[in-house]
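Let's take a walk through this structure together, with an eye on its cysteines and its aromatic rings. Have the viewer ready, and follow along as each residue comes up.

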Amino acid sequence: MYSVLIYGAGSIGNHLAYACRCKGWRVTIVDIDPEALRRTKEEIYPVRYGRWDEGIALVSSAGVDEVLPDVVIIGTPPDTHMTIALEALQKRTPKVLLIEKPLCTPDLKGYAELAAATRKAETVVLTGYNHVHTRNTREAENVLRNGDIGNPLSISVRWLEHWGGIFAAHPWLSGPADTYLGFSALGGGACGEHSHGINLFQHFARILGVGRIAELSCTMDRVRQGEADFDRNCLINVTLESGLVGSIAQDVITSPAVKTLRVQGEKGFLEWYANYRGGNDAVVWGVDGQEPREILIPRKRPDDFTGEIDEVEAVLQGKSSGASLSLEAGYETMQVIAAAYRSHELKKTVQVEY
């Protein structure tokens, strides 16, 4: 049985606690806010999963000093990730350290120090882009590896979702200004919070062997609402190292949500869907002249994190290197985010600075 320490008693902390408890792992959740710990026990966890789980320990920051877990998960706001991660490496030396997305803030502050510490540690550091390990992703990878649609011609991703669902999961927040979500500089806004789109694009680019994003142009709809300052719409056109071109769109305004990826090939196409229809994710693909085929995958919200924690377990057991969730992969996503903001501000195409 593995032991897990989760920083942050918000929505993601509860999701990942449940996924770990489904494996029978011991879980401790720590938060600096006693009210957050109370909400977890009395509201969030029992409402989502039917009852409170006494196998979860709740502690304040003062009570966590002696905890030396196998796995540390950081589910706090992005501007705290680097500080907490560095401390976890130095004080707790876990086997696996999982940092929720986005990895850090768009200025990339603190990453160099964490990367240097990681190179000296035996800890495997991962980034929490859970959709690269959902069932629809695995099925899509299998189709692409079969080569039925031919050589890729383009990749496009749409990750468009009104963030009302996020605030519904955090009813103690009155709006964007109450959290990092309302501040692009803190890792919020469409480009940061919904960077699953960028990361999924990069993941499939690796599967297809078409290289990294070399340059991009980005247009954003930046808004101010009271103290909040965020991008609510982010449109990115990209060129990869292979010369392939593609596009990524992310927003926090679309309802109902659209979460899809499309690969156009010389002989056909593949489409990846989250929330396709009837409570299913899906993979749809077709070869020219043939009827398209589809795989429907029943899914409930907790299922989104099962594959991610399965991968953590595989790393713990020495069965996987964790490359798909690696610190480096998460940082490549941050480098594209940083370039997107730079492109929007300069109003021109920019190189991604790896």
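A disulfide is a covalent bond between the sulfur atoms of two cysteines. To count as one here, a pair of cysteine sulfur atoms must lie within 2.5 Å. Keep in mind that you are looking at a predicted model. With that cut-off, a search of the whole structure turns up zero disulfides.

A good place to see this is Cys 191. Its closest cysteine sulfur belongs to Cys 234 and is 3.8 Å away, which is too far for a bond. Looking from the other side, Cys 234 takes part in no disulfide, and its nearest cysteine sulfur is that of Cys 191. Where do these two side chains sit? Cys 191 is buried, with a relative accessible area of 0%, and Cys 234 is buried as well, also at 0%.

Now let's turn to the rings. A pair of aromatic rings is described by the distance of the centres and the angle of the planes. The structure holds 10 such aromatic pairs. One of them joins Trp 163 and Phe 167 in an edge-to-face arrangement, with 5.6 Å from centre to centre and 85° between the planes. The angle earns that name because planes over 60 degrees apart count as edge-to-face. Trp 163 has a relative accessibility of 7%, so this residue counts as buried. Phe 167, at 14%, counts as buried too.

Trp 163 has another partner to look at: with Phe 230 it forms a tilted pair, 4.9 Å centre to centre and 55° between the planes. What does this pair tie together? Trp 163 lies in the loop between strand S7 (152–160) and helix H6 (164–169), while Phe 230 belongs to strand S9 (residues 228–240), so the contact links parts that are 67 residues apart in sequence. Phe 230 is buried, with a relative accessible area of 2%.

Elsewhere, rings gather in a group: Tyr 18, Tyr 45, Tyr 49 and Trp 52 make up one aromatic cluster.

Finally, have a look at rings that meet a charge. The charged end of Arg 39 sits over the ring of Trp 172, 3.9 Å from the ring centre. Arg 212 lies over the face of Tyr 354, and here the distance to the ring centre is 4.0 Å.

Methods
Residues numbered from 1 in each chain as written. Predicted model: local features only at pLDDT ≥ 70, side-chain atom pairs only at ≥ 80, totals over all residues. Heavy atoms only, no water. Phe/Tyr/Trp six-rings, centres within 6.5 Å; stacked < 30°, edge-to-face > 60°. Buried < 20%, exposed > 50% of the residue type's maximum accessible area, 1.4 Å probe, protein only. Helix = DSSP H or I, 4+ residues; strand = E, 2+ residues; numbered from the N terminus. Lys NZ or Arg CZ within 6 Å of the ring centre and 35° of its normal.
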